[in-house]
Each structure stands twice: as C-alpha cells, then as structure tokens.
Amino acid sequence: MTTAAGPVSGYAGTRRRASLALLVIANLVPLAGVLFLDWDIAALVVLYWSENLVLGFYTLLKMLVVNPLGALPMGLFFAIHYGGFCAVHGLFILTLLIDDQAQVLGGDSWPLFLVFIQLLLEVVRQVLAHAPPYWLWAFLALLVSHGGSFVLNFLLAGERERASLNALMGAPYGRIAVLHIAIIAGGFAVLALGEPLGLLLVLVALKLGLDISLHLREHRKAAATADR
C-alpha cells in the first residue's frame with residue numbers, strides 16, 4: 001500500500017497495536033519479578049529460555065493449520081530436533097546458573113532419538129523445581145502473548161495462506177540465534193558484576209527491545225509478501 005507520503009507497511013492498525021501490547025505486557029511481568037520478588041539472573045534467563053518451548057508449541061500448531069497431513073511426519077521431526085536443541089540449551093543454562101551438580105537421564109534412556117524429548121522433559125522438571133515465586137505467571141504471560149499473535153496474525157490476518165512447512169520449521173532457530181546469544185552474553189555480564197538491580201533491569205529492557213524488533217520484522221515481511 002502507498003500514500004502521498006510514500007509506502008506504508010501492510011502490518012499496521014489494530015492488529016499491530018494489539019500484538020505489540022500483548023508482547024510488552026508479557027515482558028513487563030519479569031520486570032515486576034525483578035523489582036518486587038527479588039528474581040535473580042537465573043530466573044530471568046531460564047524464563048527467556050522457556051519461551052523457546054512456547055515458540056515450538058505454536059510452530060507445531062501453525063504446521064498443522066497449514067498442512068494437517070504433511071505436518072505429521074515433519075512435525076514429529078521438528079519436535080525431536082527442536083526439542084533436543086532446546087534441551088541442550090536448557091541444560092547449559094541449568095548447570096551454569098542454577099545447579100552445577102544437576103543430574104539428568106540417570107535412569108533408563110528412551111529409545112533412539114526420543115532420548116532428546118526425554119532430556120527436554122527432565123530439564124523442564126528441574127527448572128520448575130528451582131523456579132522462584134510466581135514464575136509460572138510469567139511463563140503463562142508469554143504463552144498468552146504468542147497465542148494472541150498466532151490468532152491475530154497467523155489465523156485472522158491470513159499469514160497461514162503464505163506459510164510453508166519448511167519456512168515454519170526454520171523460523172524458531174533464527175529467533176534463538178539472535179535473541180539468546182544476546183541474552184546469555186548479557187546474563188553472564190550481569191552475573192560477573194554481582195547482579196546489580198540496574199543491570200537486571202537493563203537485561204529486561206534489552207529483551208523487550210529485541211522482541212519488538214524481531215516481531216515487527218517478521219510480520220512486516222509477511223505483509224510485504226502478501227502485497228506482491
């Protein structure tokens with residue numbers, strides 16, 4: 001779409017405002033945790049890691065919407081591969097920030113590649129065992145935020161009509177590469193300096209800024225594709 005002032009992004013209006021409002025609200029919940037509940041760097045970084053699980057869940061839903069039959073084998077592959085990726089990522093955070101003596105897969109392992117799903121479930125169990133008060137509310141806020149974007153952008157705005165299974169499967173990895181390298185690097189910097197409150201707030205602000213940037217880039221790209 002264009003106006004006398006030049007091109008206008010197709011990602012605008014009520015849909016854009018509602019999606020961004022949900023995103024900002026979800027990112028303000030951990031801010032409240034830092035300010036009022038004494039959350040430390042481990043609580044923040046683990047929460048941001050858990051958002052990968054939310055992304056994986058909605059990615060599977062998107063795949064089923066786009067191609068229910070094709071999504072079954074590809075979705076299984078994605079669940080195992082992405083689940084293993086998240087498990088190793090989570091184990092790294094768990095052992096470095098929470099419990100360096102954490103033990104996983106101490107008993108019988110699941111067969112073949114299903115061991116990655118088993119590892120993920122064990123990491124999630126241990127994360128929840130160490131979660132601070134009201135941590136689950138912050139996780140639920142992320143679930144609602146991504147769910148709102150799923151409904152508003154993918155279902156109602158028709159992004160599903162231009163999505164492919166391959167593109168959907170690859171999307172979460174790109175987000176992790178950009179967001180979590182910055183978050184983990186910032187987290188270790190905060191930890192090295194003794195976790196001062198000001199730097200914890202900077203980390204929350206960094207996460208919010210990156211989230212907004214990635215969100216807008218994703219949906220503007222989808223809107224531009226629709227306008228071609």
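**Exercise 1. Determine whether Glu159 is buried or exposed in this predicted model, and identify its salt-bridge partner.**

Solution. Glu159 has a relative accessible area of 10%, and because the limit for a buried residue is under 20%, Glu159 counts as buried. The next step is to look for a partner of opposite charge, and the side chain of Arg15 forms a salt bridge with Glu159, with 3.9 Å between the closest N and O atoms. Since a salt bridge requires a nitrogen within 4 Å of a carboxyl oxygen, the pair is accepted. The last step is to place the two residues: Arg15 belongs to helix α1 whereas Glu159 sits in the loop between α5 and α6, so this salt bridge ties together parts that are 144 residues apart in sequence.

**Exercise 2. Work out which residues are joined with Arg175 into one salt-bridge network, and which helices the pairs tie together.**

Solution. Begin with Glu51, whose side chain meets that of Arg175 in a salt bridge with an N to O distance of 3.3 Å. Glu51 is in helix α2 and Arg175 is in helix α6, so the pair links parts that are 124 residues apart in sequence. Both ends of this pair are buried, Glu51 with a relative accessible area of 2% and Arg175 with one of 14%.

Continue with Asp211, which also forms a salt bridge with Arg175, here with 2.3 Å between the closest N and O atoms. Asp211 lies in helix α7 and Arg175 in helix α6, so this second pair ties together parts that are 36 residues apart in sequence. Asp211 is buried, as is Arg175. Following the shared partners then gives one network made of Glu51, Arg175, Lys207 and Asp211. For the whole structure, the search finds six salt bridges.

**Exercise 3. Describe the largest pocket by its volume, its lining and the elements that contribute to that lining.**

Solution. The volume of the largest pocket is about 1000 Å³, and its lining consists of 35 residues. Those that lie nearest the centre of the pocket are Lys62, Glu159, Ala171, Glu218 and His219. Two or more lining residues come from each of α1, α2 (41-66), α5, α6 (165-192) and α7 (197-227). To finish, the shares are compared, and the largest, nine residues, is that of α7. Glu159 from the first exercise thus reappears here, among the residues nearest the centre of the largest pocket.

**Exercise 4. Find which residues Val204 touches, and state whether Val204 is buried or exposed.**

Solution. Val204 is part of helix α7 and, with 5% relative accessibility, counts as buried. When residues up to four places away in sequence are left out, Val204 touches Asn27, Leu31, Val34, Leu44 and Tyr48. As a further check on chain separation, the C-alpha atoms of Val204 and Leu23 are separated by 13 Å, although these residues are 181 residues apart along the chain.

**Exercise 5. Locate the nonpolar surface patch, and examine what else can be said of Tyr134 and Leu140 within it.**

Solution. The patch covers about 780 Å² and is made by Leu35, Phe36, Leu37, Tyr134, Trp137, Leu140 and Leu197. Two or more of these residues are given by each of α1 (13-36) and α5 (135-156). Leu140 is placed in helix α5 and is partly exposed, at 39% relative accessibility. Tyr134, by contrast, is in the loop between α4 and α5, and its relative accessibility of 54% makes it exposed. The backbone of Tyr134 also deserves attention, for its phi is near 65 degrees, a positive value in a residue other than glycine.

A second residue with this backbone feature is Asp38, whose phi is positive at about 60 degrees although Asp38 is not a glycine. Asp38 is found in the loop between α1 and α2, and at 68% relative accessibility it counts as exposed.

**Exercise 6. Establish where Asp99 lies and which residues it touches.**

Solution. Asp99 is in the loop between α3 (71-98) and α4 (115-129), where its relative accessibility of 23% makes it partly exposed. Apart from residues up to four places away in sequence, Asp99 touches Leu94 and His130. Finally, the C-alpha atoms of Asp99 and Ile117 are separated by 21 Å, with their positions 18 residues apart along the chain.

Conventions:
Residues are numbered from 1 along each chain as its sequence is written. This is a predicted model: local features need pLDDT of at least 70, side-chain atom pairs count only at pLDDT 80 or more; totals for chains, interfaces and linings use all residues. Side-chain values use heavy atoms; hydrogens and water are left out. Patches are made of residues with over 30% relative accessible area and no salt bridge: like charges are joined within 9 Å, nonpolar side chains (Val, Leu, Ile, Met, Phe, Trp, Tyr) within 5 Å. Accessible areas come from the Shrake-Rupley method with a 1.4 Å probe; for residues, only the protein chains shown count as cover. Helices (H or I, at least four residues) and strands (E, at least two) are DSSP runs, numbered from the N terminus. Buried means under 20% relative accessible area, exposed over 50%, partly exposed in between (1.4 Å probe, protein chains only). Contact means heavy atoms within 4.5 Å. On a 1 Å grid over the protein atoms alone, a cavity is a set of points where a 1.4 Å probe fits but cannot get out, and a pocket is an open set with protein on both sides within 12 Å along at least five of seven lines; lining residues have an atom within 4 Å of a point. Grid points are joined across faces, edges and corners, and a volume is the space filled by probe spheres set on the points.
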